[in-house]
Amino acid sequence: MNELSLPARAYLLACDTRRDRLPDRDRVALLVRAAALTDLVLRGLVEDAAGRPVARGAGGTGHLVLDDLLAELAAEPHRKWRARVRRGARGTLQSLEAQLDAAGVITLRTSRVLGLFPRRHPAVRDAATAAALRDEVASALRSDTPVPPDVAALTSLAAAAELNAVLPRGERRRHRARLARLEDQAGAAVPALRKVIRELHSARSAHIAASSGGG
């Protein structure tokens, strides 16, 4: 496999390497989808057009997840950023996992909840790579020096997805101005991801309230 794409790095960043699991598959799926959009922006293959991500240029990237998304954007250019982050997120996550498994970056194990429902558990083959990504993101947040656009994007995405194990809430608040500067380099997928994550939290809170009220 060639150099890891931004969605692959975001996925490894989110993995709990001690327990060989993802802390929240729905949230990580949204993170991966937003990272794929951001990667295409950084490559100059997608740009914002009146609040919508639009494919520009021709040719592939060599990463199947990115090329699939690029084809999707070219075929259906009318959805806004937030809708693009939400739409197809689970399928993008599953596709990325399959490719990382085939490339030997992770090992996917499947268990069954209540003996019926399959659940995937990723074991990162090289925990040092995931640890290095965490260090890179933490350093980018705390430093005032310029960082490469992909590092700025990865840090912004981790913050927007509220990866507390990587960037604790207190750290995000303390370095809010720094995050705003990093986000400026990343493009429109990051604020879209933040909005979708908040919607996810609201939906879950409403579900819990409804369940409690019905008890």
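**Figure 1. The salt bridge between R18 and D16.** The side chains of R18 and D16 meet in a salt bridge, with 3.8 Å from N to O. The model shown here and in the other views is predicted. R18 is exposed, with a relative accessible area of 78%. D16, in contrast, counts as buried at 11% relative accessibility. The pair thus joins an exposed arginine to a buried aspartate.

**Figure 2. The salt bridge between D150 and R9.** A search of the whole structure finds 22 salt bridges. In the one shown here, D150 pairs with R9, and the closest N and O atoms are 2.9 Å apart. D150 belongs to helix α7 (residues 149-160) and R9 to helix α1 (residues 6-14), so the pair ties together parts that are 141 residues apart in sequence. D150 has a relative accessibility of 26% and counts as partly exposed. R9, at 11% relative accessibility, counts as buried.

**Figure 3. Burial of helix α1.** The helix that contributes R9 to the preceding view is mostly covered: nine of the nine residues of α1 are buried. They are L6, P7, A8, R9, A10, Y11, L12, L13 and A14. Y11 also appears among the residues in contact with E97, and Y11 is one of the two residues that touch the most other members of the largest nonpolar core.

**Figure 4. E183 and the salt bridge to R194.** E183 forms a salt bridge with R194, and the closest N and O atoms are 2.3 Å apart. E183 lies in helix α9 (residues 176-186) and R194 in helix α10 (residues 189-213), so the pair ties together parts that are 11 residues apart in sequence. E183 is buried, with a relative accessible area of 18%, while R194 is partly exposed at 24%. Elsewhere, salt bridges that share partners join D24, D26, R27, R90 and R204 into one network. Not counting residues up to four places away in sequence, E183 touches S156, V190, P191 and R194. The salt-bridge partner R194 is therefore also among the contacts of E183, a residue that is buried at 18%.

**Figure 5. The largest nonpolar core around Y11 and L193.** This core has 57 residues, of which Y11 and L193 touch the most other members. Helix α2 (residues 25-42) supplies the largest share of the core, 10 residues. With neighbours within four places in sequence left aside, L193 is in contact with L30, L31, A34, V85, L157, A160 and A161. Another core, of five residues, lies apart from the largest one and includes A140, V147, V151 and L182. In soluble globular proteins, nonpolar side chains tend to be buried together.

**Figure 6. The packing of α7 against α9.** The two helices pack at an angle of about 115 degrees, and their axes are 8 Å apart. The crossing of α7 and α9 is left-handed. On the α7 side the contact is made by P149, A152, A153, T155, S156 and A159, and on the α9 side by L179, L182, E183, Q185 and A186. By type, the residues of this contact divide into seven nonpolar, three polar and one charged. One of the α9 residues in the contact is E183, the partner of R194 in a salt bridge.

**Figure 7. The surroundings of A29 in helix α2.** A29 is found in helix α2 and is buried, with a relative accessible area of 4%. Residues up to four places away in sequence aside, A29 touches A89, R90 and L93. Of these, R90 is also part of the salt-bridge network with D24, D26, R27 and R204. A29 and E72 are 43 residues apart in sequence, and their C-alpha atoms are 17 Å apart in space.

**Figure 8. The buried glutamate E97 in helix α5.** E97 lies in helix α5 (residues 89-102) and counts as buried at 0% relative accessibility. Leaving aside neighbours within four places in sequence, E97 is in contact with Y11, L22, R25, I106, L108 and R120. Among these contacts, Y11 belongs to helix α1, where Y11 is buried.

Conventions: Residues numbered from 1 in each chain as written. Predicted model: local features only at pLDDT ≥ 70, side-chain atom pairs only at ≥ 80, totals over all residues. Heavy atoms only, no water. Salt bridge = Lys/Arg side-chain N within 4 Å of Asp/Glu carboxyl O. Helix = DSSP H or I, 4+ residues; strand = E, 2+ residues; numbered from the N terminus. Buried < 20%, exposed > 50% of the residue type's maximum accessible area, 1.4 Å probe, protein only. Core = buried A, V, L, I, M, F, W, Y, C linked by side-chain atoms within 4.5 Å. Contact = heavy atoms within 4.5 Å. Axes fitted to C-alpha atoms, helices over the stretch in contact; angles between N-to-C directions. Left-handed = near helix turned anticlockwise from the far one by under 90°. Nonpolar A, V, L, I, M, F, W, Y, C, P; charged D, E, K, R; others polar.
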